[in-house]
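Trainee: Could you take me on a close look at the largest nonpolar core of this model? I'd like to hear what builds it and what sits around it.

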Amino acid sequence: MSKQEQEIAMTPPSYPVAGVGRFAAGADPVKRGQILDGAKRVFMKLGYDAASMNDVTREAGVSKGTIYVYFQSKEDLFGALVEREKSAFDAAIRQILEESTHVEEGLRRYALAHAHFILDTEMIPTMRILMGVLDRMPTLCQRFFASSPTNIKVLLQDYIAAAHEKGELSVEDSDLAARQFIDMSTAGYFKKRLFNDIPVRPDDKEIERVVESGLRMFMNFYGPRSPES
């Protein structure tokens, strides 16, 4: 992954500076971002159950009255935080795919960014928190895994389908192909990281080796077919 792509994946979403006029209650994006930043630090440190709205108000530097103007409950706050972090990465993936001029380049850059997201960001700790409250709060996980138009799997699926239309790939089921590519190009990193089975982060050279191997397998099976085949 290039330095620019690493910066895109790691950079938190930015928020516009409030203008001269006042925002309506609960509508100031800077204040909302300030609360979410504080909530992120609290949830990552304490987990969902141990964290309280009082903890977040102290960390974010806002009053309790202010936090409830923006978020109705701790569940609502955590859900908004999950969606913000997910949307930032989804936007980075969309940019990577749109900027790629050839299908192999796009798939390679996608896989490197995804591996980096798994290994180097707080996505996995966030998922561990979600798993801990799954039975009690299933809607939180639904918000994380929602197959919206910006979901990174859906973005990859659309990219593969477009490559098929251009003759760069030969794919009958783009949904299946997208899921297969994600699994092949990360080669177990997701589950190993989720269950803390990676004591030492693989170096970039090893990550690239895994990605290239998965890409070769994918292209060998889904690469463009000759007219007579």
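Mentor: Here's a walk through that core, one helix at a time, and then out to a couple of loops. Keep in mind that this is a predicted model.

Start with the membership. The largest nonpolar core has 39 residues, and the ones touching the most other members are Leu-107, Ile-160, Leu-169 and Phe-218. Seven stretches each give it two or more residues: H5 (74-99), H6 (103-120), H7 (123-132), H9 (152-165), H10 (174-186), H11 (189-194) and H12 (204-222). H6 supplies the largest share, with 10 residues. There's also a second, separate core of 25 residues, and Ile-35, Leu-81, Val-82 and Ile-129 are among its members.

So let's stay with H6 for a bit. H6 has 18 residues and spans 25 Å between its first and last C-alpha, close to the 26 Å you'd expect at 1.5 Å a residue. Of those 18 residues, 14 are buried, so H6 is largely enclosed by the rest of the structure. The general background is familiar: in soluble globular proteins, nonpolar side chains tend to be buried together.

Now zoom in on Leu-107. Leaving out anything up to four places away in sequence, Leu-107 touches Leu-156, Tyr-159, Ile-160, Phe-181, Leu-215, Phe-218 and Met-219. Two of the well-connected core members, Ile-160 and Phe-218, turn up in that list.

Ile-160 takes us to the packing of H9 on H10, where it is one of the contact residues. The two helices pack at about 115 degrees, with their axes 8 Å apart, and the crossing is right-handed. On the H9 side the contact uses Lys-153, Leu-156, Gln-157, Ile-160 and Ala-161, while H10 brings Ser-174, Asp-175, Ala-177, Ala-178, Arg-179, Phe-181 and Ile-182. By type, the residues of this contact split into 7 nonpolar, 2 polar and 3 charged. Leu-156 and Phe-181 belong to this contact, and both also touch Leu-107.

Finally, check the backbone in two loops. Ala-187, in the loop between H10 and H11, has a phi near 45 degrees, which is positive even though the residue isn't glycine. Its relative accessible area is 45%, so Ala-187 counts as partly exposed. Then there's Asn-196, in the loop between H11 and H12, again a non-glycine with a positive phi, this time about 60 degrees. With 59% relative accessibility, Asn-196 is exposed, because the cut-off for that is over 50%.

Definitions and conventions:
Residues are numbered from 1 along each chain as its sequence is written. This is a predicted model: local features need pLDDT of at least 70, side-chain atom pairs count only at pLDDT 80 or more; totals for chains, interfaces and linings use all residues. Side-chain values use heavy atoms; hydrogens and water are left out. A nonpolar core is a set of buried Ala, Val, Leu, Ile, Met, Phe, Trp, Tyr and Cys residues joined through side-chain atoms within 4.5 Å. Buried means under 20% relative accessible area, exposed over 50%, partly exposed in between (1.4 Å probe, protein chains only). Helices (H or I, at least four residues) and strands (E, at least two) are DSSP runs, numbered from the N terminus. Contact means heavy atoms within 4.5 Å. The expected span of a helix is 1.5 Å times one less than its number of residues. Axes are lines fitted to C-alpha atoms, for helices over the stretch in contact, and angles run from 0 to 180 degrees between N-to-C directions. A crossing is left-handed if the near helix is turned anticlockwise from the far one by less than a right angle, and right-handed if clockwise. Ala, Val, Leu, Ile, Met, Phe, Trp, Tyr, Cys and Pro count as nonpolar, Asp, Glu, Lys and Arg as charged, and the others, Gly among them, as polar.
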